[in-house]
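Subject: Structure handover

Hello,

Here is the structure for you to look at. Please open it alongside this message.

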Amino acid sequence: MRLGVLDVGSNTIHLLVVDAHPGARPIPAATHKSVLRLMRYITADGAISDEGCAAILDAIAAAMRVAGQEGIEELLPFATSAIREAANGPELLERIRTETGVDLQVLSGEDEARLTFLAVRRWSGWSSGSILLLDIGGGSLEIASGSDEYPEVAVSVPLGAGRSTIGFLPDDPPRDDQLDALRDHARTTLAAAVDRFSRRRSDEHVIGTSKTIRSLARLAGSTTAGPGGTERTVLRRTDLSDWVPRLAKMNAESRTALPGITADRTFQIVAGGVVLRETMRAFGVDELEVVPWALREGVILRYLDHLD
């Protein structure tokens, strides 16, 4: 069957069309993405501005036109932290329902972590053993750990790359004191999260996913041989620590000349690098493996499991 997953996130509104059925790997058929960087539209009272609401509605309408052209049989629409935390979130959800016909499911931060963990487990397989997952979105950072298909512990903290950029790195390129402030904030925020993971296994397999981490891995990671002749991408904390200060000295336009740094991520890649480095430090992680599946694939897999 042909499924459409509509992801209304903090950085992009992304429609992924896949051909899938229970027991099979979802095969991408089409994709449509609008880059909004919604954190720019958050007002002083925590609401999404009128301009931001209009941009969301336009992007969803455009995605639905593509969905119609692709002949999807079922739409799985969801929203994450930007709408979840907006003061006018309920009103905006009603407008989206009325004006576009899309009934968005608002995922909690824990839902995001659990579904992303499911996708990572299916991609990596049972041979990966216990997994520690790190996932940096636009508005939040999800961390999850466990040995099964769903994690034993799953948390979400407000350290997304977009949120951290807007809150701490307003200059382009950012100043040293701004970088220091973000680093200190990340360390304080992560301290409470680390306490939730006191029962971690020493042999856990650390995995990173999301566009921010994949972009950093293309820039600073290395590729090694994996099982069955596949390639395995690894990002080491030492390499990340080498690259983050260099990225911070460049302006956003210059960063797009680097491998892996696309125009839709260039403004927030420095903050993403700072957050990832501090998360790896807080959890004592020297390196992580990067996998391509994340939240959207998790939503698809859960739906297919319920059909089976």
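Below are the findings, from the domains down to single residues.

Please keep in mind that this is a predicted model.

Domains

The domain assignment splits the protein into domain 1, residues 2-106, and domain 2, residues 121-295. Their C-alpha centres are 24 Å apart. Each side brings residues to the contact: 15 from domain 1 and 15 from domain 2. Together the two domains bury about 1,100 Å² between them, and carbon and sulfur atoms account for 57% of that area. On the domain 1 side, the residues that lose the most area to domain 2 are Asn11, Arg37 and Met39, which together make up 41% of what that side buries.

Salt bridges

Two salt bridges are counted between domain 1 and domain 2, and the structure as a whole holds 28. As general background, side chains of opposite charge can pair when their charged atoms come close. In one such pair, the side chains of Glu85 and Arg163 form a salt bridge with an N to O distance of 2.5 Å. Another salt bridge joins the side chains of Arg95 and Glu99, at 3.1 Å from N to O. Arg95 and Glu99 both belong to helix α3 (residues 89-100), and because they are four residues apart there, about one helical turn separates them.

Helix packing

Two helix pairs may be worth finding in the viewer. In the first pair, helix α4 (residues 109-124) packs against helix α11 (residues 295-307) with the axes 7 Å apart and an angle of about 80°. An angle from 65 to 115 degrees counts as roughly perpendicular, so α4 is roughly perpendicular to α11. From α4, the contact uses Glu112, Leu115, Thr116, Leu118, Ala119 and Arg122, while α11 supplies Leu295, Glu297, Gly298, Val299, Leu301, Arg302 and Asp305. By type, the residues in this contact of α4 with α11 are six nonpolar, two polar and five charged.

In the second pair, the axes of helix α7 (residues 211-220) and helix α10 (residues 269-282) come within 10 Å and cross at roughly 90°. It follows that α7 is roughly perpendicular to α10. Thr212, Ile213, Ser215 and Leu216 of α7 meet Ile269, Gly272, Gly273 and Leu276 of α10. The contact of α7 with α10 has four nonpolar residues, four polar residues and no charged ones.

Backbone details

Most residues other than glycine have a negative phi, and most peptide bonds are trans. Two places in the model depart from this pattern, as follows. Arg37 is not a glycine, yet its phi is positive, at about 50°. Arg37 sits in the loop between β3 (27-35) and α1 (50-70), and it is also one of the domain 1 residues that lose the most area to domain 2. The other place is the peptide bond between Asp172 and Pro173, which is cis, with omega about 0°. Pro173 lies in the loop between α5 (161-168) and α6 (176-195).

Regards

Note on methods
Residues numbered from 1 in each chain as written. Predicted model: local features only at pLDDT ≥ 70, side-chain atom pairs only at ≥ 80, totals over all residues. Heavy atoms only, no water. Axes fitted to C-alpha atoms, helices over the stretch in contact; angles between N-to-C directions. Parallel < 35°, antiparallel > 145°, perpendicular 65-115°, else oblique. Contact = heavy atoms within 4.5 Å. Nonpolar A, V, L, I, M, F, W, Y, C, P; charged D, E, K, R; others polar. Domains from an automatic or database assignment. Buried area = accessible area lost by both parts, 1.4 Å probe. Salt bridge = Lys/Arg side-chain N within 4 Å of Asp/Glu carboxyl O.
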